[in-house]
Amino acid sequence: MADPNDFLDDPEAAEAEAYASEMEEIDEGELALEEVMAERDEYRDRFMRALADAENARKRSDKDRRDSENYGGSKLARDMLSVHDNMKRALEAATEEQRTISGPLLEGIELTMRELISVFKKHGITPITPEVGDRFDPKLHQAMFEAPVPDTRAGDIIQVAAEGFMLHDRLLRPAQVGVSSTPS
C-alpha cells in the first residue's frame, strides 16, 4: 500500500494524475457527445429524406389525380368520335328533297349533333379542322394519301377526309387528310 505521506511529497505528480483523470473523463464525454451528434445528424438526414419523399408522393398523386380527371374518359371520348362522324355524314348526305320530306327527323339529328358538340366542349374535346391549302402538321394530321396536284406545294393539304380532335392538350385523334406531293 502506498504511503499517505508520499502524496504530500510530490504534489505535481498528484496534480498530473488528477489532470489525466479529468482529461480521460472529458475525452470520454466528448466521444459520447460526438456519437450523439452523429446519430442526431443521421436522424435529421433520414427525416429530411422522408419529408422530401412525402412531398414528391403528394405531387405525383396530385398530377395523377389531375390526369385522371382530364384524360380518364379518353377511351369513351375516342369511341364517341365515330358517333360524331356518322351523324355528320348523315347530315351532309341529306338532299333538299329529303330535307322537305323528313324535315323534323333531320332537325332532330341536327339538335342531337349540337348537343354532342356541346358535351365535347364541356369535357375539353375540341375539333381540329384543317382547311384545304393549310400546311400538313404531323403532330395534328394523319396523311391518308399523297398525290401530285398542280398549283400546290409539297406538304399542302389537298383534301380533308375526317376532322381530328384534341382532349385538352393531348391529341385524341389526328385529322385525316390528303397531302400534295411535289407536282411532276
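Helices (H or I, at least four residues) and strands (E, at least two) are DSSP runs, numbered from the N terminus. One such helix is H2, which covers residues 11–71 and holds Val36. The model is predicted. This briefing visits two sheets, a loop contact between Arg135 and Asp156, some ring contacts, and Val36.

**The sheet S2-S6-S3**

- Three strands build this open sheet, in the order S2-S6-S3. The pairing is mixed.
- S2 and S3 (157–162) are the edge strands. Each has a single partner strand, so one side of each is left without a neighbour in the sheet.
- From one strand to the next, the twist averages 25°.
- How do S2 and S6 pair, parallel or antiparallel? They pair in the parallel sense, over 7 bridges. Pro148 stands opposite Ser181 in S6.
- S3 and S6 (residues 175–181) run antiparallel, joined by 4 bridges. Two residues show the match: Ile157 faces Val179 in S6, and Val160 stands opposite Val177 in S6.
- S6 is mostly covered. Of its 7 residues, 6 are buried.
- In a regular strand, side chains alternate between the two faces of the sheet.

**The sheet S1-S4-S5**

- This open sheet also has 3 strands, in the order S1-S4-S5. Its pairing is antiparallel.
- S1 and S5 (170–173) are the edge strands. Each pairs on one side only.
- The twist here averages 35° from one strand to the next.
- S4 and S5 are linked by 3 bridges in the antiparallel sense. Leu167 stands opposite Arg170 in S5.
- Helix H3 (residues 74–93) lies across S1, S4 and S5. H3 runs at about 45° to S5.

**Arg135 and Asp156: two loops in contact**

- Arg135 sits in the loop between S1 (125–128) and S2 (141–148). Asp156 sits in the loop between S2 and S3.
- What joins the side chains of Arg135 and Asp156? A polar contact of 2.9 Å does.
- The side chain of Asp156 also reaches the backbone nitrogen of Arg153, at 3.1 Å.
- Is Asp156 buried or exposed? Asp156 is buried, because its relative accessibility is 8% and the cut-off for buried is under 20%.
- Arg135 has a relative accessible area of 43%, so it counts as partly exposed. That value lies between the cut-offs of 20% for buried and 50% for exposed.
- Which residues does Arg135 contact, leaving aside neighbours within four places in sequence? They are His141, Arg153, Ala154, Gly155, Asp156 and Ile157.
- Asp156 has its own set, not counting residues up to four places away in sequence. Asp156 touches Gly133, Asp134 and Arg135, and also Gly178, Val179 and Ser180.
- These contacts bring in S6: Val179, touched by Asp156, is the residue opposite Ile157 in the strand pairing.
- Arg135 and Leu167 are 32 residues apart along the chain. Their C-alpha atoms are separated by 22 Å.

**Rings**

- How many aromatic pairs are there? The count comes to 1.
- Phe120 and Phe165 form that pair, which is edge-to-face. The ring centres are 5.8 Å apart, with 75° between the planes. The pair is edge-to-face because planes over 60 degrees apart are classed that way.
- The pair links distant parts of the chain. Phe120 is in helix H5 (residues 103–122) and Phe165 is in S4 (residues 164–167), 45 residues apart.
- Both Phe120 and Phe165 are buried.
- Another ring meets a charge: Arg170 lies over the face of Tyr71, at 3.7 Å from the ring centre. Arg170 is also the residue that Leu167 stands opposite in S5.

**Val36 in helix H2**

- Is Val36 buried or exposed? Val36 is exposed, because its relative accessibility is 51% and the cut-off for exposed is over 50%.
- Val36 and His123 are 87 residues apart along the chain. Their C-alpha atoms are separated by 58 Å.

Note on methods:
Residues are numbered from 1 along each chain as its sequence is written. This is a predicted model: local features need pLDDT of at least 70, side-chain atom pairs count only at pLDDT 80 or more; totals for chains, interfaces and linings use all residues. Side-chain values use heavy atoms; hydrogens and water are left out. Buried means under 20% relative accessible area, exposed over 50%, partly exposed in between (1.4 Å probe, protein chains only). Contact means heavy atoms within 4.5 Å. A polar contact is a pair of N or O atoms within 3.5 Å; within protein, one must be able to donate a hydrogen and the other to accept it, and residues adjacent in sequence count only if both atoms are side-chain atoms. Two strands pair if DSSP finds at least two bridges between them. Axes are lines fitted to C-alpha atoms, for helices over the stretch in contact, and angles run from 0 to 180 degrees between N-to-C directions. Rings of Phe, Tyr and Trp (its six-membered ring) pair if their centres lie within 6.5 Å; planes under 30 degrees apart count as stacked, over 60 as edge-to-face and the rest as tilted. A charge sits over a ring if NZ of Lys or CZ of Arg is within 6 Å of the ring centre and within 35 degrees of the ring normal.
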